[in-house]
Amino acid sequence: TGEHIRKRVLAGPERLLDAAKTHTRHGRNLYIDATRLAESLFGSHLAVNTFLMGVAFQAGLLPVSEASLEEAIRLNGVEVERNLQVFLWGRKYYQDAAFVEALLHPFEGKQPGKLDRVEELRRYQSSAYAREYQTFVRQVEQQAPALAEPVARYLYKLMAYKDEYEVARLLTRPEIEQQILAMWEQPESICYNLHPPLLRRFGVTKKLELGPWFRTPLKILAAMKFLRGTPLDVFGYMGRRRLERSLIGWYRELISTVTGSLSPDFEALAVEIACLPDQIRGYEQVKEESIARVKKLAGEKLARMRAMREERVAT
């Protein structure tokens, strides 16, 4: 996992499972959908590691006493009572998984369907915007089938960047409120903790807690998504928003350059180039720095591809 984060090594779950089976006594391994369980039981993926620790302890795979693990949780000093409960539920899951599964919330029973990126982009902006995406992906699929899947994934990521309109749309989706209501018994209210970039210019350094009344302004803002990218888009004049928009054209041009003269010898390198947006992470300054690194990497990999092509022609 550390190497994956440090180098952004691309590896699917099947490859990781094969590696685990190769280097461990796989007959004793436990495979658990811990993120789903943690989010369903505790409303947050942040509970995953402590939940897994409870499972591993109950399975007899940790050479540490229960008292020591619980003391470590207390010494950490972060949400102590909650993490003790998470640890306990992890132990319970190993002992009686069926019992824990039966307690999951009603909406958990439905397995998420495959992401329809075209439909999501239509909701994000418009049908025309979604068609632009669909047309480009189809062109790539015809010219370089090996690049179709990564381009479909990462062009979508760049086109669906989270600006103010999108955050408002996501926060006001009916299913979000349904999940919140299903997660707790008789919630008193739903509040929004937000830190609008525009307010930071005026010295506001912390998130604002906005009450249920703020749902109406959010719905109005979400409905104004048609302004995105137009001269009337007040948020679009911010440097970070302009940079995010520019990445869409940059990536399409990059892929067009790669597919222009692609051959099987360069296919692996081409896939690496197509997956570069996966390394664009974080917010604000962190994101800007990652964009600069990705663009530099793209230039280096393109130069390498050209050198390989020229060497092949020469020979």
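Here are some worked exercises on a predicted model of a single protein chain.

**Exercise 1: Get your bearings**

Task: Work out how many helices and strands the chain has, and what share of its residues is buried.

Solution:
- Start with the secondary structure: there are 17 helices and two strands.
- Next, burial. The chain runs to 315 residues, and 32% of them are buried.
- Then the surface. The accessible area comes to about 19900 Å², and carbon and sulfur atoms account for 55% of that.
- Last, look at how contacts spread along the sequence. Take the contacts between residues at least 6 apart; 62% of these join residues at least 24 apart.

**Exercise 2: An acid without a salt bridge**

Task: Find out why Asp 233 has no salt bridge, and say what its side chain does reach.

Solution:
- Locate the residue first. Asp 233 sits in the loop that runs from helix H14 (215-223) to helix H15 (239-260).
- Check the burial: Asp 233 is buried.
- Now hunt for a partner. The nearest side chain of opposite charge belongs to Arg 245, 4.3 Å away. A salt bridge needs the nitrogen and the carboxyl oxygen within 4 Å, so a pair at 4.3 Å doesn't count.
- Look for something else within reach. The Asp 233 side chain comes to 3.2 Å from the backbone nitrogen of Phe 235.
- Finish with the surroundings. Beyond four places in sequence, Asp 233 touches Tyr 165, Leu 227, Arg 228 and Arg 245.

**Exercise 3: Follow Lys 287**

Task: Decide whether Lys 287 is buried or exposed, and find which residue pairs with it in a salt bridge.

Solution:
- Place it: Lys 287 belongs to helix H17 (residues 284-314).
- Apply the cut-off. Buried means under 20% relative accessible area, and Lys 287 has 19%, so it counts as buried.
- List the neighbours. Setting aside residues up to four places away, Lys 287 touches Glu 244, Ile 280, Arg 281 and Gly 282.
- Pick the charged partner. Lys 287 and Glu 244 form a salt bridge, with 2.8 Å between the closest N and O atoms.
- Put the pair on the chain map: Lys 287 is in helix H17 and Glu 244 in helix H15, 43 residues apart, and the pair links distant parts of the chain. Glu 244 is buried too.
- For a backbone check, try Arg 240. It is 47 residues from Lys 287 along the chain, and their C-alpha atoms are separated by 9.1 Å.

**Exercise 4: Two salt bridges side by side**

Task: Take the pairs Glu 120 with Arg 123 and Arg 241 with Glu 164, and work out where in the chain each one lies.

Solution:
- A bit of background: oppositely charged side chains can pair when their charged atoms come close.
- Count the total first: the structure holds 17 salt bridges.
- Take Glu 120 and Arg 123. Their closest N and O atoms are 3.4 Å apart. Both residues lie in helix H8 (residues 117-124), three residues apart, or about one turn of the helix.
- Check the exposure of Arg 123: at 39% relative accessibility, it is partly exposed.
- Now Arg 241 and Glu 164, whose closest N and O atoms are 3.1 Å apart. Arg 241 is in helix H15 and Glu 164 in helix H11 (residues 164-171), so this pair ties together parts 77 residues apart in sequence. Arg 241 and Glu 164 are both buried.
- Go back to Glu 120 and Arg 123 and widen the view. They belong to a salt-bridge network that also includes Glu 119, Arg 122, Glu 166 and Arg 169.

**Exercise 5: Two tyrosines**

Task: Classify Tyr 31 and Tyr 94 by exposure, and describe what surrounds Tyr 31.

Solution:
- Tyr 31 has a relative accessible area of 45%, so it is partly exposed. Its place is the loop between helix H2 (13-23) and helix H3 (34-42).
- Its side chain makes a polar contact with the side chain of Asn 29 at 3.1 Å. Beyond four places in sequence, Tyr 31 is in contact with Leu 17, Lys 21 and His 26.
- Tyr 94, in helix H6 (residues 80-95), is partly exposed at 39%.
- Tyr 94 also joins Leu 30 and Leu 61 in a nonpolar surface patch, with about 250 Å² of accessible area together.

Notes. Residues numbered from 1 in each chain as written. Predicted model: local features only at pLDDT ≥ 70, side-chain atom pairs only at ≥ 80, totals over all residues. Heavy atoms only, no water. Helix = DSSP H or I, 4+ residues; strand = E, 2+ residues; numbered from the N terminus. Buried < 20%, exposed > 50% of the residue type's maximum accessible area, 1.4 Å probe, protein only. Lys, Arg positive; Asp, Glu negative; His and termini not counted. Polar contact = N/O pair within 3.5 Å; in protein donor to acceptor, adjacent residues only side chain to side chain. Contact = heavy atoms within 4.5 Å. Patch = residues over 30% accessible without salt bridge, like charges linked within 9 Å, V, L, I, M, F, W, Y side chains within 5 Å. Areas by Shrake-Rupley, 256 points an atom, 1.4 Å probe, with all protein chains shown as cover.
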